[in-house]
Amino acid sequence: MIDNQKIKDNLAKSLTAQTEELNMFLPYLLQDIWELGSPCADIAQLLKDRLPGEAKILDLACGKGAAAVKIAKELGLNVKGIDIMPQFIDYAKKKAVENNVGDLCAFEVNDINTSVNTHKGYNCVILDWAGGVLGNPVQSVPKLKQTIVTGGLIIIGDAYLNPSSDLNDIKFKNDYISLSSWKTLFTLEGLKPVETKTDIKFADNFALIKTRAAEILVKHPQKKELLDSYIQNIQNKQADLEQNITGVLFLLQKT
Ligand SMILES: C[S@@+](CC[C@H](N)C(=O)[O-])C[C@H]1O[C@@H](n2cnc3c(N)ncnc32)[C@H](O)[C@@H]1O
C-alpha cells in the first residue's frame with residue numbers, strides 16, 4: 001500500500017489516469033497489455049551493439065518488464081527493472097522466466113525516486129514514458145545521470161510538442177516540452193545525443209482497455225463516471241499523439 005499522496009497521484013498520471021482513485025483498477029484495466037510505453041523492440045534496437053556483454057542496465061518505472069525482457073533476450077544483457085506496482089513486477093518476473101531470461105533479469109517493487117539515489121554505476125538507464133514520476137525533464141535528467149557511469153547511456157522515451165500545433169488544442173499541454181527545449185537540456189547536462197527515434201508505432205490498446213472497463217462497471221456501477229473519464233483521457237492522449245505531440249526515444253551518452 002502506497003501512503004504518500006504525491007506518489008499515488010504520479011502513479012495515476014504515469015498511466016494516463018486523471019485521479020489516484022483509479023489506481024486500484026489499473027492492473028485490471030491494463031491486464032491485456034504488456035508494453036505500456038514505447039515498443040520494446042525499438043528500445044532494444046537502440047542498444048544493439050552499443051554495450052559490452054557485462055553491461056548492467058537499469059530500467060526505471062519498468063512497468064511489466066517488456067523492455068527489460070526484450071533486452072535480456074535479444075542482447076543477452078543484465079537488466080534491473082523497478083516499478084511501484086507490485087502486480088506489474090509479478091508479471092515481469094513471470095515473463096522473464098517464460099522467456100528463459102530469469103537469470104539476466106531482476107525486478108523490484110520500489111519508488112524510483114528512492115532508487116535513483118541508491119542505484120549507481122550502471123552502464124545504461126532507461127526512463128520510458130514515466131516522465132512526471134521523477135519531476136519535469138529538467139528535474140529528471142540529473143537524477144538519471146547519477147545512476148550511470150561516465151560514458152554510460154541514457155534512454156528517454158517521451159514526446160515533444162509539434163511546432164505547428166495550437167497549444168489550445170493540446171489536452172496534456174503541461175506535460176510536454178518542445179524538441180529544442182529537450183536539446184538545450186541535454187547540452188546543459190553534458191549529454192551527447194547518439195540517436196533520436198521518432199518513427200514510433202504505438203500499439204492501439206483502446207479497445208482492450210474499454211472492454212475491461214465495461215467488465216469493472218458490471219461489478220461497480222457507481223464507478224461509471226470515473227471509468228468514463230479514464231477512457232476519455234486515453235482517447236485524449238491518443239489524439240495528442242496523432243496531432244499535437246511526437247513520441248520520441250532519445251539515446252544519449254553521459255560525457
Ligand atoms: C506508462 S508506464 C511505462 C512502463 C514501462 N516503461 C513500459 O514502457 O512498459 C508508467 C509506469 O510508471 C510506474 N510508476 C509510476 N510511479 C512510479 C514510482 N514512483 N516509482 C516506480 N514506478 C512508478 C507505473 O507503475 C507504470 O508502470
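# A guided tour, beginning at the cavity

The largest cavity has a volume of about 50 Å³. The model in the viewer is a predicted one. By the rule applied here, the count comes to 1 cavity of 30 Å³ or more.

**First stop: the lining of the cavity**

Select L127, G131, N136, P137, S140, L144, I156, D158 and W182, which line the largest cavity. The elements that give two or more residues to this lining are α7 (137-145) and β5 (148-161). Of the elements, α7 gives the most, with 3 residues. Colouring the selection by class will show 5 nonpolar, 3 polar and 1 charged residues.

**Second stop: helix α8**

Keep W182 selected, since this lining residue of the largest cavity leads to the next element. Now display helix α8, residues 179-188. Which residues of α8 are buried? They are W182, L185 and F186. Viewed down the axis of α8, these buried residues fall within an arc of 100°, so they line one face of the helix. Turn to the face pointing away from that buried side, where T187 and L188 are exposed.

To see what surrounds the buried residues of α8, add α7, β5, β6 (177-178), β7 and β8 (245-254), against which they pack. Two of these elements, α7 and β5, were already met at the lining of the largest cavity. Before leaving, select G190, just after α8, which takes a positive phi of about 70°.

**Third stop: N205, ahead of helix α9**

Move on to N205, in the loop between β7 (191-197) and α9. Is N205 buried or exposed? With a relative accessibility of 19%, under the 20% limit, N205 counts as buried. Select I33, E35 and Q238 as well: leaving aside neighbours within four places in sequence, these are the residues in contact with N205. Then draw a distance from the C-alpha of N205 to that of V218; the two residues are 13 apart in sequence and 21 Å apart in space.

**Fourth stop: helix α9**

V218 is one of the exposed residues of α9. Select the whole helix, residues 206-219. Helix α9 has 14 residues and spans 21 Å from its first C-alpha to its last, close to the 20 Å expected at 1.5 Å a residue. Within α9, highlight F206, I209, R212, A213 and I216, which are buried. These residues cover an arc of only 135° around the axis, which puts them on the same side of α9. Rotate to the other side of α9 to find A207 and V218, both exposed. Among the elements covering the buried residues of α9 are α2 (26-29) and α10 (224-243).

**Last stop: L15**

From α2, step back along the chain to L15, in the loop between α1 (5-14) and α2. How is L15 classed by its accessibility? At 12% relative accessibility, L15 counts as buried. Leaving aside neighbours within four places in sequence, L15 is in contact with L26, L30, L36, M85, F88 and Y230; select these residues together to see its surroundings. Finally, draw a line between the C-alpha atoms of L15 and I234: the two residues are 219 apart along the chain, yet these atoms are separated by 9.1 Å.

How values were computed:
Residues numbered from 1 in each chain as written. Predicted model: local features only at pLDDT ≥ 70, side-chain atom pairs only at ≥ 80, totals over all residues. Heavy atoms only, no water. Helix = DSSP H or I, 4+ residues; strand = E, 2+ residues; numbered from the N terminus. Expected span 1.5 Å × (residues − 1). Buried < 20%, exposed > 50% of the residue type's maximum accessible area, 1.4 Å probe, protein only. Arc of directions from axis to C-beta. Contact = heavy atoms within 4.5 Å. 1 Å grid on protein atoms, 1.4 Å probe; cavity = no way out; pocket = protein on both sides within 12 Å on 5 of 7 lines; lining within 4 Å. Points joined across faces, edges and corners; volume = space filled by probe spheres on them. Nonpolar A, V, L, I, M, F, W, Y, C, P; charged D, E, K, R; others polar.
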